[in-house]
Amino acid sequence: MKRLTTILILFLCALSLQAQELSVESFRMDETDLTANTAGTIVMDQNGQKCALVKIITTQTGFSFDVGSLGVVKTEQKVGEVWVYVPEGVKRITLSHPQLGQLRDYDLGQSLKRARTYVLQLTSGEVQTTVRPARTSQYVVFQLQPQNAVVMLNGEMLQTAGGTATKLMRFGTYDYRVLAPDYLPAVGKVAVSDPKQKHVVNVQLKPNFAPVTLTVENNAEIWVNGERKASGTWTGNLGAGAYEFETRLPNHRSATTTRDIAAGSEPLSIRLNAPTPIYGEADINSTPAMADIFIDGQKRGQTPQLIDQLLIGQHQLRLSKQGYADYNGTVTIREGETMSVSVTLSNISVTEQQRSFNLPMEDIAQSRRTITVGNVQFTMIRVDGGTFQMGATPEQKNPDSNEKPVHAVTLSPYYIGETEVTQELWQAVMDSNPSNFKGSKFPVERVCWDDCQEFVRRLNQQTGLQFRLPTEAEWEYAARGGNKSHGYQYSGSKKLKDVAWYDSNSSTSTHDVMTKQPNELGIYDMSGNVWEWCQDWYGSYSAGSQTNPTGPSSGSDRVIRGGDWYFSAGECRVANRDYNTPDKRADDLGLRLALQ
C-alpha cells in the first residue's frame, strides 16, 4: 500500500511539471531598444566585443540559461525581466527553472548580432508571464525636395542620402529647419507621439531661382555679371535679381543686355545680341597682277583687289601665281582704315622652290603657315579638300563596330597642325604647363576638352586668327594623308614603329614631337604619342554621304583620336575611335589645332 502511494505521488508530480512546462510565445529583435549599445548597460564578451542582450520577459525568478559553447557572459534580474548577455553568433538557448521545468535548445531563428537587443516572451502552463514595456520613442523620416537639402532637427544636422533623412526621437515636439542652395528655407515643428507608426515629414522647398538658357550667334562667349559662362549656349539657374549679359568675340564690339530675373519663374530662353564685327579694308596688289589672294586660307579674289569687311587684327596673307613663288606674310587691319599691300612675286624654278621649302618635289604644292606666339613658332599644314571613305576601310585590320558603316565624306580645304600642341606653345599661351611628362617639345597632356577650348580662345585673341579643334572627319582625312593618301593602316606607314610612339616602344612616356616619320602630308604623330581631342560630340556613324560633317548636335562625350604611348597598335589605326567626357584629364590626352 505504501509503495502504491509513493508511485502515485511521483506520477502526480510528473503531471504537475508537465502542466507547467516552459514555452516561448514570441522572439524578436527590438529595433527601438538601444540598451545593448548604450553607455552604462553595455557588456563586453571575452573577445572585447559588445554583447547581444536577450530580455527574457517573465515575473518568475530562479532561471538558468545555456547557449552552448559560446557561453553566457552575464545575467541580471530586473523587475518583470531577466537580462541575458551573450556573444554575437548565438542561435539557440536552453532555459531551466526548478518549478517550471526546462526548455531545451530553443531555436531563435537567427544569429544574434552584437550590440542589439532582443525580446523573448515566455509562457508556462496557465501562468502568463508577459510584461510589455511602454515604447517612448519613434523614427522621424524627412522626404526632401531637392534631394541635396539638409535638415536641422532640434539644432542637430541629420545625415541625408537620396533625399531622405531619419532620426530616432523620444516622444515630444521638435523644431526643424530645411535648407538647400538656391532655395528658400522651410521651418516647422514635428510632434513624435505614435509608438506604432514612424512620423513622415514631406518638405518641398520653393526655388529662389529661375532656370535660364542663354544663346548667341557665332559661338560668341557669354558672360553673366562679369563671369564667363560658355560659348554659344549656356543653361543654368540664376537667383532673383538684375543681371548684365554680355557677349564677346575677338575683334568685335561686345553686346550687353540687362534683364531682371524673378525667382520661381518658368524656364526662360533668352537670345542675346551678338557682338558687332569691327571692320577695316585692304588694298592688295602684286607684280605681276592676277595672283590669287588668300586671306586666312580663304580665297578672296585676284590682284589688284580692294577687299572690304575684314575684321580688325592680324591676318595671314598668301599670294599665289603659277610659275612664281608664293608670298606668305601678314596684314594688320585697323578700324576704318585701308591697309595697302604691294608685293613683287619672284619667278623661280621648281628646283629652287624645292630647296627653299626643303620638301620632296611631290609636296611643293602643300602650303605651310608658320605662326609665332611669343618666342614659339608652330606650323599649320594645308589639307586640300576632297572626298574619302571614312571608317573601317579594308586596310583597317580588326576594326571596332563604332567604325562602321564606311561612308563617303567630302571636305573643304583647311589647315591642321604639323604636330600636336607642344608644352612650350601651351606655356606661351596659357602661362602654365599641366603635363605629367615634362619637356618643351613633348606634347602637352593632362588637358581636358574644356581646357582646350580656353587655350584656343586665348590663342585666337593673341593671333587674330580663328583656330579650333579639328572635326573628327578632318582629323581622319589628314591622318590618312588627304588627297595624297597611300592607303596605310597607320598615319604614314604600314609599320607602326616608323611613325608612332606606342606601348611597344615608348618606355611608358611621351616623346618629342617630330621624332618619327611624317605621313604623306608632312604631318607628325597622328598615330601614337597622345590621344588628340576632336571638336565633335561622340556618336554613331550614318551610312549616307556627308559634306563637312561636325558630328552630333549634343552628347555626353567628346571624340578622341590617334592612340597614345600607353595603348597598343590597334588603337593607333587612322580609323580607330574613342571618347571621353569633356572634363577628363589624363597623361595621355592632348590636342592638335585646326584652322579654316
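**Exercise 1. State which backbone feature G481 shows just after helix α5, and how far the residues of that helix are covered.**

Step 1: G481, which comes just after α5, takes a positive phi of about 100 degrees, where helices are DSSP runs of H or I of at least four residues and strands are runs of E of at least two, both numbered from the N terminus. The model is a predicted one, in which local features need pLDDT of at least 70 and side-chain atom pairs count only at pLDDT 80 or more, while totals for chains, interfaces and linings use all residues. Residues are numbered from 1 along each chain as its sequence is written, and side-chain values use heavy atoms, with hydrogens and water left out.

Step 2: Helix α5 covers residues 472-479, and eight of its eight residues are buried, a term that stands for under 20% relative accessible area, against over 50% for exposed and partly exposed in between, with a 1.4 Å probe and protein chains only. Among them are W475 and Y477.

**Exercise 2. Describe the surroundings of Y118.**

Step 1: Y118 is found in strand β8, which runs over residues 117-124, and Y118 is buried, with a relative accessible area of 0%.

Step 2: Contact means heavy atoms within 4.5 Å; leaving aside neighbours within four places in sequence, Y118 is in contact with residues including F27, R28, M29 and D30, as well as A52, L53, V54 and K55.

Step 3: Y118 and T35 are 83 residues apart in sequence, yet their C-alpha atoms are 9.9 Å apart in space.

**Exercise 3. Work out the order of the open sheet that contains β37, and explain why β36 and β41 count as its edges.**

Step 1: The sheet has three strands in the order β36-β37-β41, with mixed pairing; two strands pair if DSSP finds at least two bridges between them.

Step 2: Because β36 (386-390) and β41 (546-547) each have a single partner strand, one side of each is left without a neighbour in the sheet.

Step 3: β36 pairs with β37 (residues 407-411) in the antiparallel sense over five bridges, and G386 has L411 in β37 as its bridge partner.

**Exercise 4. Give the overall dimensions of the protein and its secondary-structure content.**

Step 1: The protein has six helices and 45 strands, and its C-alpha trace spans about 150 × 60 × 45 Å along the principal axes.

Step 2: Of the 596 residues, 45% count as buried.
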